[in-house]
Amino acid sequence: MKFLRTFFSALAFVAALNSMPVSANELPLSEKVWNGQETVPQNGLPDGKIAVSKSANGQEVAAWYGSPTTRYRHGILGDAVEAGSLHVEYRGGRHFQFRLPNSQVFEDRTPRIVDLDGDGRPEIVTIRTYQSAGASVAIFGVRNDQLVELASTEAIGRSNRWLNIAGIRDYAERGSLQIAYVETPHIGGTLYFVEWNGNRLQPIASIYGTSNHEIGSREQDLSADMDYDNDGHMDLVVPSIDRRALRVFGFSGRQLAELEMVSLPSPVARRANMDQPQKAGCVHFELKNRSMFEFCRP
């Protein structure tokens, strides 16, 4: 019994060490970040960005990945540098970090900030990868003055297997948010919709034959939300497995359905950043041939 108490005490110490708060004076964010003028984190990923969001109560929060490491040499996002830590900072408040063990990395570029459970506190949605079991979706949040892991999907189950998040909305009209992601977008891409339940992110629907990433590319934004059937709820536009078509998915009742598929003259490269105001009910994609494709609901 003494051995077990010592063992579990050690585990608790490691968990606390991984999520311990850090003085804002050690890793301060400049006002340029909060004003939208600076997005690349100091001592963060070379290709990473800082996500900034404002909560329902007006509190501003930022999140980014740090502790660059080459301990997982998959290189799915264009290089072998991944993140070993997640950082969260409140404007005018405290800074928190969560350090992963050496058996894991964040195989991602920019975290996503969203209030998943509607309690007014932001959660951070990440792609966390295990050295021996591949990627998973993991959500984190500040609880009791610590940044902690709140829930995750099961890892894919094999090293060098990745997933890419496609969107976060109430696609299923269930009164809660679902996280949509494509598992193995380069080798058979299955689109999953998952919901937060306890310490798990549980699948509610899936469909085969999609891709929202080109292997080796830093561009992860290849999908889009739109109300395709004009029923007041968002649907999800995701490229086909070869990225030569756009597929539109929505829920009818509680069943996932494909609403449309449109062929493209060239594979999808990224979401297009349009300088001019976009037409209502339309989304734009840049294709590999550098042309722009406007996709609108009927």
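Student: In which strand is lysine 54 found?

Tutor: Happy to start there: this is a predicted model, where local features need pLDDT of at least 70 and side-chain atom pairs count only at pLDDT 80 or more, while totals for chains, interfaces and linings use all residues. Residues are numbered from 1 along each chain as its sequence is written, and side-chain values use heavy atoms, with hydrogens and water left out. A strand here is a DSSP run of E with at least two residues, numbered from the N terminus. Lysine 54 belongs to the run of residues 51–54, which is strand β2.

Student: Is lysine 54 buried or exposed?

Tutor: The classes rest on relative accessible area: buried is under 20%, exposed is over 50%, and partly exposed is in between (1.4 Å probe, protein chains only). Lysine 54 has a relative accessibility of 56%, so the residue counts as exposed.

Student: Which residues is lysine 54 in contact with, leaving aside neighbours within four places in sequence?

Tutor: Contact means heavy atoms within 4.5 Å. Arginine 91 is 37 residues away along the chain, and its C-alpha atom is separated from that of lysine 54 by 9.8 Å. With the sequence neighbours set aside, the contacts of lysine 54 are Gln59 and Glu60.

Student: Which side chain meets glutamate 60 in a salt bridge?

Tutor: A salt bridge needs a side-chain nitrogen of Lys or Arg within 4 Å of a carboxyl oxygen of Asp or Glu. Glutamate 60 sits in strand β3 (residues 60–69), and its partner lies 31 residues apart, in the loop between β4 (82–90) and β5 (95–99). At 19% relative accessibility glutamate 60 is buried, whereas the partner, at 31%, is partly exposed. The N to O distance is 2.9 Å, and the partner is arginine 91.

Student: How far apart are the closest N and O atoms of glutamate 219 and arginine 270?

Tutor: This salt bridge links distant parts of the chain, with glutamate 219 in the loop between β14 (200–208) and β15 (224–226) and arginine 270 in strand β19, 51 residues apart. Glutamate 219 is partly exposed at 22%, and arginine 270 is partly exposed at 31%. The closest N and O atoms are apart by 3.9 Å.

Student: What joins strands β17 and β18, and how many bridges are there?

Tutor: Two strands pair if DSSP finds at least two bridges between them. These two form a hairpin with two residues between them, and glycine 253 in the turn has a positive phi of about 65 degrees. One of the bridges pairs glycine 250 with alanine 257 in β18. The strands run antiparallel, and the number of bridges is eight.

Student: Which arginine forms a salt bridge with glutamate 258?

Tutor: Glutamate 258 is in β18 (residues 255–263), and the arginine is 11 residues apart in β17 (residues 245–252). Glutamate 258 is partly exposed at 34%, while the arginine is buried at 10%. The closest N and O atoms are 2.8 Å apart, and the partner is arginine 247.

Student: In what order do the strands of the open sheet with β19 come?

Tutor: The edge strands are β19 (268–271) and β21 (292–296), each pairing on one side only. β19 pairs with β20 (residues 282–287) over three bridges in the antiparallel sense, and arginine 271 has phenylalanine 285 in β20 as its bridge partner. The three strands of this antiparallel sheet come in the order β19-β20-β21.

Student: Which residues have the most contacts inside the largest nonpolar core?

Tutor: A nonpolar core is a set of buried Ala, Val, Leu, Ile, Met, Phe, Trp, Tyr and Cys residues joined through side-chain atoms within 4.5 Å. The elements giving two or more residues to the largest core are β8 (123–130), β9 (134–143), β10 (146–152), β11 (163–169), β12 (178–183) and β13 (190–197). Isoleucine 139, leaving aside neighbours within four places in sequence, has contacts that include Val125, Val148 and Ile179. The core has 20 residues, and those with the most contacts inside it are Val125, Val137, Ile139 and Ile179.

Student: Is threonine 184 buried or exposed?

Tutor: Threonine 184 lies in the loop between β12 and β13. Not counting residues up to four places away in sequence, threonine 184 touches Ile156, Arg161, Trp162, Leu163 and Gly189. Its relative accessible area is 13%, so threonine 184 is buried.

Definitions and conventions. Helix = DSSP H or I, 4+ residues; strand = E, 2+ residues; numbered from the N terminus.
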